[in-house]
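The exercises below go with the model shown here. Work each task before reading its solution.

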Amino acid sequence: MSRQFWSETLGWAVADGTAVANTTTEAVIFPGINIPANYMQDGRCLRVRAFGKLSTTGTPTMVWALRWGGVSGTLIATTELITMGSGVTNVNWSIEAFIQCRTNGSTG
């Protein structure tokens with residue numbers, strides 16, 4: 001495999017995700033992306049970027065998590081508890097994470 005540095009888009013959302021409200025359990029906010037077989041080789045890096053809007057009626061606490069394999073999959077990254085402001089309406093949010101493969105194989 002070459003060590004050229006370039007980027008490509010593997011997936012993107014073309015519609016709004018399902019709204020999540022009043023829950024204490026982890027929920028998926030946008031659909032999973034299928035990574036091609038053998039795509040993750042040592043040194044390869046994925047950049048995950050997500051954007052959206054949120055509103056609150058109270059002061060909820062939220063945690064953002066990135067998983068490999070859905071809600072029951074491997075936890076890759078998580079934020080600390082974030083206490084939201086009360087009465088927030090249509091506030092933009094964004095999150096970005098980098099996932100780098102260090103070794104080849106199923107646990108890389």
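**Exercise 1. Find out why Cys-45 forms no bond with the closest cysteine sulfur.**

Solution. Start from the distance: the sulfur of Cys-45 lies 10 Å from the closest cysteine sulfur, that of Cys-101, which is too far for a bond. A disulfide is taken here as a pair of cysteine sulfur atoms within 2.5 Å. Next, take the partner: Cys-101 is in no disulfide, its nearest cysteine sulfur being that of Cys-45, 10 Å away. Finally, a search of the whole structure returns zero disulfides.

This is a predicted model, in which local features need pLDDT of at least 70 and side-chain atom pairs count only at pLDDT 80 or more, while totals for chains, interfaces and linings use all residues. Residues are numbered from 1 along each chain as its sequence is written, and side-chain values use heavy atoms, with hydrogens and water left out.

**Exercise 2. Classify Cys-45 and Cys-101 as buried, partly exposed or exposed.**

Solution. The classes are set by relative accessible area: buried is under 20%, exposed is over 50%, and partly exposed is in between (1.4 Å probe, protein chains only). Cys-45 has 41% and is partly exposed. Cys-101 has 5% and is buried. For the whole protein chain, 15% of the 108 residues count as buried.

**Exercise 3. Place Val-71 in the chain and list what it touches.**

Solution. First the location: Val-71 sits in the loop between strand S3 (65-68) and strand S4 (74-78). Strands (E, at least two residues) and helices (H or I, at least four) are DSSP runs, numbered from the N terminus. Then exposure: at a relative accessible area of 38%, Val-71 is partly exposed. Leaving out residues up to four places away in sequence, Val-71 touches Glu-26 and Val-28; a contact means heavy atoms within 4.5 Å. Last, a distance: Val-88 is 17 residues from Val-71 in sequence and 27 Å from it in space, C-alpha to C-alpha.

**Exercise 4. Describe the fold content and the spread of the protein chain.**

Solution. Count the elements: there are zero helices and six strands. The protein chain is more spread out than a compact globule, because its radius of gyration is 16 Å, well over the 13 Å that the globule rule gives for 108 residues. That radius is taken over C-alpha atoms, and the rule is 2.2 Å times the number of residues to the power 0.38. Along the principal axes, the C-alpha atoms fill a box of roughly 50 × 25 × 20 Å.
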